[in-house]
Amino acid sequence: MPRDSPNLTKAGILWFRRDLRLNDNPALSAALSHGRVYCLYIHAPEEEKPWLPGGATKWWLHQTLLEFNKSLTELGSGLILRSGTSSLEIIREIAIEKNVSKVFWNRLYDPKIVARDKKIKKSLIDEGLSVESFNGSLLTEPWEMKTGAGGPYKVYTPYSKSVLAKIECPKATVKPSSIDSDWPLETDDFEKSLEALNLYPKIDWHLGLEKDWHPGEKGALEALSSFVSNSSRVYSKERDIPSVLGTSKLSPHLHFGEISPWQVWRGIEKSKLDAGEKFAYQRQIIWRDFAHSLIFNFPKTPKHPLREEYKNFPWRKNSRYLRAWQKGETGYPIVDAGMRELWRTGWMHNRVRMVASSLLVKHLLQPWQEGAKWFWDTLVDADLANNTMGWQWVAGSGADAAPYFRVFNPVRQGERFDSKGEYVRRWVPELKDMPDK
Ligand code: FAD
C-alpha cells in the first residue's frame with residue numbers, strides 16, 4: 001500500500017545531519033507543514049569510511065547533539081538518536097513503526113554521502129514513501145554554477161563572480177514555536193544513547209576545547225553576533241594577524257549546520273561594517289561554497305591530486321619529520337605555534353594553516369594527504385570539502401592552486417604577520433623571553 005494513502009496519518013521523519021539548528025532550516029520548515037514530525041539523528045560512521053569523524057569533531061558532535069536535544073525538547077519533541085551500520089534500515093524501521101509517509105532532509109555534498117543518500121532515496125521511494133531534500137548548507141549548490149563550456153569551475157574568481165551574479169538572499173525560515181511529535185521526551189535515555197556512541201574523548205586533550213568553544217545553535221548565533229558587533233573591525237587586514245581575534249571562528253558551527261551560510265550572510269549585511277569589509281568576509285563564505293562545488297564535481301580529490309601531473313610526485317616520506325610537525329617541534333616558530341594552537345584548541349588561524357601546511361609539503365616533502373589526515377583528526381572544523389581544497393591549494397595540485405614554485409617562507413611569514421612575536425610567545429613559551437627579531 002502506498003504510504004501516502006489517506007488512512008495514514010500525515011507524519012514525516014526529519015533526518016537531521018549537519019543541519020543541527022531550528023532557525024533557517026528548510027527541511028524542518030517543510031516537515032512541519034507536512035504534519036507530525038519525528039526528529040531523527042543517525043550515527044553511522046561506517047557509511048562514510050574512510051572519512052570516519054576525527055577526535056575533535058567527535059567531541060563537538062557530542063556537545064552539539066546534547067544541546068540540540070535540549071532545544072527540541074523545549075518545543076515538545078525529543079531527538080531520536082540511533083546508531084548502526086545502515087541509515088536506510090533505521091529510517092525504514094521508524095517509518096513502519098510510526099506510519100510515516102514522507103522523509104525530509106537537507107542535502108550534503110561529500111562524495112560518499114551523496115552516493116549513500118541517492119540509494120536511500122531510491123529505496124524509500126520504491127517502498128512507497130516520498131522523500132524531499134533541500135539546500136540547507138550552501139549559498140548555491142555545486143551543480144548550479146557552470147562555466148561557459150558547461151563544466152564546473154576550477155578557478156575561484158570567475159566562480160565567485162558567477163555566484164554573485166546569480167544569488168538572491170532567500171527569506172529565512174522561522175524557528176518553530178512547537179513541534180508536533182508523539183516521541184517520548186526521555187532525556188535520560190537520550191543521554192545514555194549519546195554516551196554509548198563513545199564520541200567523548202578518553203584522553204584529556206579536549207580540556208582546552210571546553211573553555212574555547214560553545215557548540216550548538218546558541219553558541220553559533222553568539223559567535224556571529226559578537227563578530228558583527230565590532231563595527232570598526234577591519235576584517236580584510238585583521239584576518240591575517242594570528243595574535244588577534246580578527247576572524248569569526250564560525251567554521252565549526254558552519255560545518256555542523258548550527259548556523260546557515262545565509263544567516264551569516266544576512267548578519268554581515270545588516271551589520272555596521274564598512275561595505276568593503278562586508279564584501280571581504282562574504283568572499284570567504286563563497287570560498288566555502290567553491291570547496292563544496294569542487295568536492296562534488298571532483299569526488300576523488302580527498303585522496304588524489306586534481307591535477308594528474310602530480311600523481312607520481314616523488315614525496316620523501318619520513319615519519320620523524322611528520323611527527324615533529326604534528327607536535328610543533330620543527331624549529332620554525334610560527335609553524336610550531338600553529339601546530340600547538342591546533343592541538344590545544346582544535347583550531348588554527350587560516351594564515352598559519354597556510355604556512356604550516358606549506359612547510360610540511362614544500363620544505364619537508366611529505367605527502368599533503370598526511371597533513372590533511374592530521375588536520376582531519378585535530379580540527380573542530382574538520383570538513384572534507386574545505387580541508388581537501390586547502391591542502392590541494394597549498395600542495396599546488398588542486399583547482400586554482402598556488403603554483404608548485406610558490407613556497408611560503410616561514411620566517412618571512414612570521415616577520416610579516418607576527419612581527420612582535422605575540423602569537424609565537426603565546427603558543428611556544430620556551431621562546432617568550434627571546435627578542436622580537
Ligand atoms: P573566517 O575568516 O571568519 O571566515 C568565515 C567562514 O568562511 C569560515 O568559517 C569558513 O566557513 C569560510 N572560509 C574562510 N576561509 C576559507 C577557506 N580558505 N576555504 C573554505 N572556506 C573558508 N576550513 C574548514 O572549515 N575546515 C577545514 O577542515 C579546513 N581545513 C583547511 C586546511 C588548510 C590547509 C587550509 C589552508 C585551510 C583550511 N580551512 C578549513 C579554511 C580556513 O582556514 C578556515 O575555514 C578558517 O580558518 C576558519 O576560521 P574562521 O571561521 O574564523 O574564518
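Is cysteine 169 buried, partly exposed or exposed, and what is its relative accessible area? In this predicted model, cysteine 169 is partly exposed, with a relative accessible area of 39%. Cysteine 39, by contrast, is buried, and its relative accessible area is 1%. A disulfide would need a pair of cysteine sulfur atoms within 2.5 Å, and by this rule the count is 0 disulfides.

A view of the whole chain helps to place these residues. The secondary structure of the protein chain amounts to 19 helices and 5 strands. The radius of gyration is 22 Å, close to the 22 Å that the globule rule gives for 437 residues, so the chain is as compact as a globular protein of that length. Taken along the principal axes, the C-alpha atoms fill a box of roughly 75 × 50 × 45 Å. Of the 437 residues, 55% count as buried. As for contacts between residues at least 6 apart in sequence, 79% join residues at least 24 apart.

The strands come next. An open sheet of 5 strands follows the order β3-β2-β1-β4-β5, and its pairing is parallel. At the edges are β3 (80-83) and β5 (130-134), each of which pairs on one side only. On average, neighbouring strands of this sheet are turned by 25 degrees against each other, direction ignored. As a general point, strands of a sheet pair through backbone hydrogen bonds, either parallel or antiparallel. Within the sheet, strand β1 (residues 11-16) runs parallel to strand β4 (residues 102-106), and 4 bridges join the two. Leucine 14 stands opposite phenylalanine 104 in β4.

Two helices can be described against this sheet. Helix α1 (residues 26-34) lies across β1, β2 (36-43), β4 and β5, and runs at about 160 degrees to β4. Helix α4 (residues 111-126) also packs on the sheet, where it touches β1, β4 and β5. The direction of helix α4 makes about 165 degrees with that of β4.

Attention now turns to the nonpolar interior. In soluble globular proteins, nonpolar side chains tend to be buried together. Here the largest nonpolar core has 64 residues, and those with the most contacts inside it are Val264, Trp325, Met339 and Phe375. Helix α12 (residues 275-297) supplies the largest share of this core, 8 residues. Apart from this core lies another, of 33 residues, with Tyr41, Leu61, Leu197 and Phe256 among them. The surroundings of valine 264 can be listed in detail: leaving out residues up to four places away in sequence, this valine touches Leu224, Leu250, Leu254, Ile259, Tyr281 and Ile285.

Finally, helix α5 (residues 156-166) offers a neat contrast between two of its residues. Is serine 160, which lies in this helix, buried or exposed? At 4% relative accessibility, serine 160 counts as buried, because the limit for that class is under 20%. Apart from residues up to four places away in sequence, serine 160 touches Arg283 and Ile286. Alanine 165 lies in helix α5 too, yet alanine 165 is exposed, with a relative accessible area of 69%. Alanine 165 and tryptophan 265 are 100 residues apart along the chain, and their C-alpha atoms are separated by 15 Å.

Key:
Residues numbered from 1 in each chain as written. Predicted model: local features only at pLDDT ≥ 70, side-chain atom pairs only at ≥ 80, totals over all residues. Heavy atoms only, no water. Buried < 20%, exposed > 50% of the residue type's maximum accessible area, 1.4 Å probe, protein only. Core = buried A, V, L, I, M, F, W, Y, C linked by side-chain atoms within 4.5 Å. Contact = heavy atoms within 4.5 Å. Pairing = 2+ DSSP bridges. Axes fitted to C-alpha atoms, helices over the stretch in contact; angles between N-to-C directions. Rg over C-alpha atoms; globule rule 2.2 N^0.38 Å.
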